Amino acid sequence: MTSQPMADPAMSRTVRWPAADDLEAARASVLHHLAPTPLVASGTSWLKLETLQPTGSFKVRGAIAALSAAPAESRIIAASAGNHALGIAYASEKLGIPATVVIAETASVAKRSYLEQRPVTLIRYGKTVVEAEAHAIHLTATSDVPAFYVSPYNDPVVIAGQSTVLDEIVADRPAGPLRVIVPLGGGGLLAGVAMRAAELRETGWDIEVVGVESSQSLAVSTAVREGRTRDIAIGDTIADGLSGNIEPGSITVDILRHHGTRLIHVDDALLRDTVRWLIRHHGLVVEGAGAAAVAALRSDESLSRDRETIVILSGKNIAHHVLLDILREHETST
């Protein structure tokens with residue numbers, strides 16, 4: 001995702017929806033390569049700790065699924081300076097599949113340093129993420145070997161990989177009414193959970209799915225409401241993993257509309273307070289995007305009524321200076 005416009009014609013792609021076979025294959029690959037993350041009680045609800053993934057984020061699920069499904073002798077190409085890039089790098093190393101990651105010249109030094117230590121081809125291109133993404137798509141189209149562009153959200157196999165978080169949840173909880181609250185950025189995680197929930201309902205599960213955006217970045221809910229993707233104004237937020245416009249025609253929008261997924265949003269003040277609350281009450285360091293589902297639950301107690309509620313903590317990779325600023329805010333106000 002990016003705060004820059006996404007309307008570059010070079011990025012126009014046709015992407016198919018995930019099929020049932022994609023979800024089944026993703027379950028097998030993720031189970032083989034990743035240990036399940038735990039559920040931890042928090043009052044009457046449960047926290048799903050995707051912060052304990054090897055890259056500190058749920059994104060590694062989609063990366064493992066995508067690279068596991070890649071044909072032999074192919075190359076994976078991705079563009080990201082965040083958790084998706086870390087997931088691709090991890091999966092590339094673990095599965096021995098070559099990958100190229102394109103990052104903008106302005107990418108953080110810390111993430112660039114991590115990627116430079118991984119066995120991926122790292123390319124720095126452009127001033128913005130949108131320029132990096134356009135270049136990655138161009139490299140895919142002009143590659144002299146079979147190459148596949150893996151979007152962090154607008155990709156059927158990535159979405160299938162993210163759906164596996166719900167399989168772990170239902171394996172850990174009794175078969176009663178559930179509500180799963182999911183952070184929403186580009187929608188890969190939420191679309192995967194919504195699709196898998198629909199499958200599980202056919203076997204008798206009663207699962208409600210709720211997506212939580214940053215109030216500063218309402219690209220997906222706007223697209224769902226209006227029936228089309230378009231660039232909108234994006235504000236500053238600590239939930240950088242939820243922030244930005246989305247690729248034109250992203251399948252995540254139609255998936256969420258098709259399943260009637262409930263979408264809500266939380267503001268930055270609550271996100272910052274929730275980052276502190278998770279440290280104070282659970283000893284958990286969580287990035288702004290990762291705290292969104294908990295923030296929603298704290299702002300609306302009705303979300304934990306009438307059914308067992310699970311909130312997904314999607315990632316922990318918060319910049320040190322951002323975390324220090326959030327903690328200092330509490331110190332100066334007490």
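## The four-stranded sheet

In this predicted model, four strands are arranged as an open sheet whose order is β5-β4-β3-β6, and their pairing is parallel. The edges of this sheet are formed by β5, residues 121-124, and β6, residues 147-149, each of which pairs on one side only. From one strand to the next, the twist averages 20°.

Within this sheet, strand β3, which covers residues 75-79, pairs with β6 in the parallel sense over three bridges. At the level of single residues, arginine 75 is found opposite alanine 147, which belongs to β6. As a general background to such pairings, the strands of a sheet are joined through backbone hydrogen bonds, in either a parallel or an antiparallel manner.

## A helix packed on the sheet

Helix α5, made up of residues 129-142, packs on the sheet and touches β3, β4 (99-103), β5 and β6. The direction of helix α5 makes an angle of about 165° with the direction of β3.

## Strand β8 and its partners

Strand β8, which spans residues 207-214, is mostly covered, since seven of its eight residues are buried. Strand β7, running from residue 178 to residue 183, is joined to β8 by six bridges, and these two strands run parallel. Here arginine 179 stands opposite glutamate 208, a residue of β8. The connection between the two strands can also be followed along the chain, as β7, helix α7 (residues 188-201) and β8 together make a right-handed β-α-β unit.

Strand β8 is also joined to strand β9, residues 262-266, by five bridges, and this pair runs parallel. In this pairing, glycine 211 has leucine 263 of β9 as its bridge partner.

## Aspartate 22 in helix α1

Aspartate 22 is located in helix α1, which consists of residues 20-33. Because its relative accessibility is 14%, and the cut-off for a buried residue is under 20%, aspartate 22 counts as buried.

The side chain of aspartate 22 reaches the backbone nitrogen of alanine 19 at 2.7 Å. When residues up to four places away in sequence are not counted, aspartate 22 touches Arg16, Trp17, Pro156, Val157 and Ala160. The surroundings of this buried residue therefore include Arg16 and Trp17 as well as Pro156, Val157 and Ala160.

Methods:
Residues numbered from 1 in each chain as written. Predicted model: local features only at pLDDT ≥ 70, side-chain atom pairs only at ≥ 80, totals over all residues. Heavy atoms only, no water. Buried < 20%, exposed > 50% of the residue type's maximum accessible area, 1.4 Å probe, protein only. Polar contact = N/O pair within 3.5 Å; in protein donor to acceptor, adjacent residues only side chain to side chain. Contact = heavy atoms within 4.5 Å. Pairing = 2+ DSSP bridges. Axes fitted to C-alpha atoms, helices over the stretch in contact; angles between N-to-C directions. Right-handed = clockwise from strand over helix to strand, strands pointing away.
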